Amino acid sequence: MKVLITGVSATGKSSVCKELKDIGYAAFDPDDDLGIAGWYDRKTGRPAEPMEGSGFDWVKKNKFVWHEEELETLLNKSSKPVFVCGVVDKQFKNIKPFDKVFFLHLAPTQLKYRLANRDTKDFGKEEDEKAGVMAWQPEFDKEMLSVGAIPIDSSGSAKETVEKILKTL
């Protein structure tokens, strides 16, 4: 089974990925396993390198997309479940390779808190980034629901979130 766990920034994708790995599942985070996805300039299509403190304007000028061949290879390596925990540009249009899709959701107050207090990643701490993510969440959630993705409340611990996901597989 090929499973995508997605969500806007700070909903817990990377923490869920780590928890899945810790309990023995094959789980990959495209932020860390860059062979399966990468940043590209929206206008030129050339690779783009994010820099610390680039801000939300940089994100709007670039896109993070699957490297489809590498993703397919990764997903087809095992007969056991494979989890990819991340988000790419136009996520709702990029779910084809997955058998099941979950999206992590937080109430706006929780999302704002997590963005301000992240300790695993810096994106979302700056005011423009925080505002961009907060504005993006309702649209993202609506798009994911429209393609049949399963919403998961990720307000608890990563362990609790993983338990909810595994019960639904």
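A residue is called buried here when its relative accessible area is under 20%, exposed when that area is over 50%, and partly exposed in between. Keep that scale at hand during this tour, which moves through a predicted model.

**Stop one: the two cysteines**

Select C17 to begin, and note that its relative accessibility is 2%, so this cysteine counts as buried. Then add C85, which also counts as buried because its relative accessibility is 1%. Why are C17 and C85 not bonded through their sulfurs? The sulfur of C17 has its closest cysteine sulfur in C85, at 4.0 Å, which is too far for a bond, given that a disulfide requires the sulfur atoms to lie within 2.5 Å. Seen from the other side, C85 is likewise in no disulfide, with the sulfur of C17 as its nearest cysteine sulfur, and the structure as a whole holds zero disulfides.

**Stop two: the sheet**

Now switch to a cartoon view and pick out the five strands of the open sheet, which follow the order β2-β5-β1-β6-β7 with parallel pairing. The edges are formed by β2, residues 26–28, and β7, residues 150–153, each of which pairs on one side only. Looking along the sheet, you can follow a twist that averages 25° from one strand to the next.

Start at the β2 edge, where β2 pairs in the parallel sense with β5, residues 82–85, over three bridges; to see one of them, select A26 together with its bridge partner in β5, V82. Moving on to β1, you will find it joined to β5 by four bridges, again with the strands running parallel, and here K2 stands opposite V82. Toward β6, the pairing of β1 is also parallel and extends over four bridges, with T6 standing opposite F103 in β6.

Is β1 enclosed or open to the surroundings? Four of its five residues are buried, so β1 is largely enclosed by the rest of the structure. Part of its surroundings can be shown by selecting helix α3, residues 68–75, which lies across β1, β2 and β5 and runs at about 140° to β5.

**Stop three: the loop after β1**

From β1, continue into the loop that leads to α1 and select A10, which is found there. Most residues other than glycine have a negative phi. A10, however, has a positive phi of about 75° although it is not a glycine. With a relative accessibility of 7%, A10 counts as buried.

**Stop four: two crossing helices**

Next, display helix α1, residues 13–22, and helix α6, residues 158–168, whose axes come within 9 Å and cross at roughly 75°. That angle makes α1 roughly perpendicular to α6. To inspect the contact itself, show the side chains of S15, V16, E19 and L20 in α1, which meet A158, K159, T161, V162, I165 and L166 in α6.

**Stop five: aromatic rings**

Colour the aromatic residues next; the model contains five aromatic pairs. For one of them, select W66 and F98, whose ring centres are 6.0 Å apart and whose planes stand at 50°, so that the pair is tilted. Because W66 lies in strand β4, residues 62–66, and F98 in the loop between β5 and β6, the pair ties together parts that are 32 residues apart in sequence. Both partners are buried, W66 at 8% relative accessibility and F98 at 7%.

Move to helix α5, residues 127–146, where W136 and F140 are four residues apart and thus separated by about one helical turn. Their rings form an edge-to-face pair, at 5.3 Å centre to centre and with 70° between the planes. Here W136 is partly exposed, with a relative accessible area of 26%, whereas F140 is buried at 1%. Elsewhere, ring pairs link W39, W58 and F64 into a cluster.

**Stop six: K63 in β4**

Finish at K63, which lies in strand β4 and is partly exposed, with a relative accessible area of 27%. Which residues does K63 contact once its neighbours within four places in sequence are left aside? Select G38, W39, Y40, R42 and D89 to see them. As a last step, draw a distance from the C-alpha atom of K63 to that of F98: the two residues are 35 places apart along the chain, and these atoms are separated by 20 Å.

Methods
Residues numbered from 1 in each chain as written. Predicted model: local features only at pLDDT ≥ 70, side-chain atom pairs only at ≥ 80, totals over all residues. Heavy atoms only, no water. Pairing = 2+ DSSP bridges. Axes fitted to C-alpha atoms, helices over the stretch in contact; angles between N-to-C directions. Contact = heavy atoms within 4.5 Å. Buried < 20%, exposed > 50% of the residue type's maximum accessible area, 1.4 Å probe, protein only. Phe/Tyr/Trp six-rings, centres within 6.5 Å; stacked < 30°, edge-to-face > 60°. Parallel < 35°, antiparallel > 145°, perpendicular 65-115°, else oblique.
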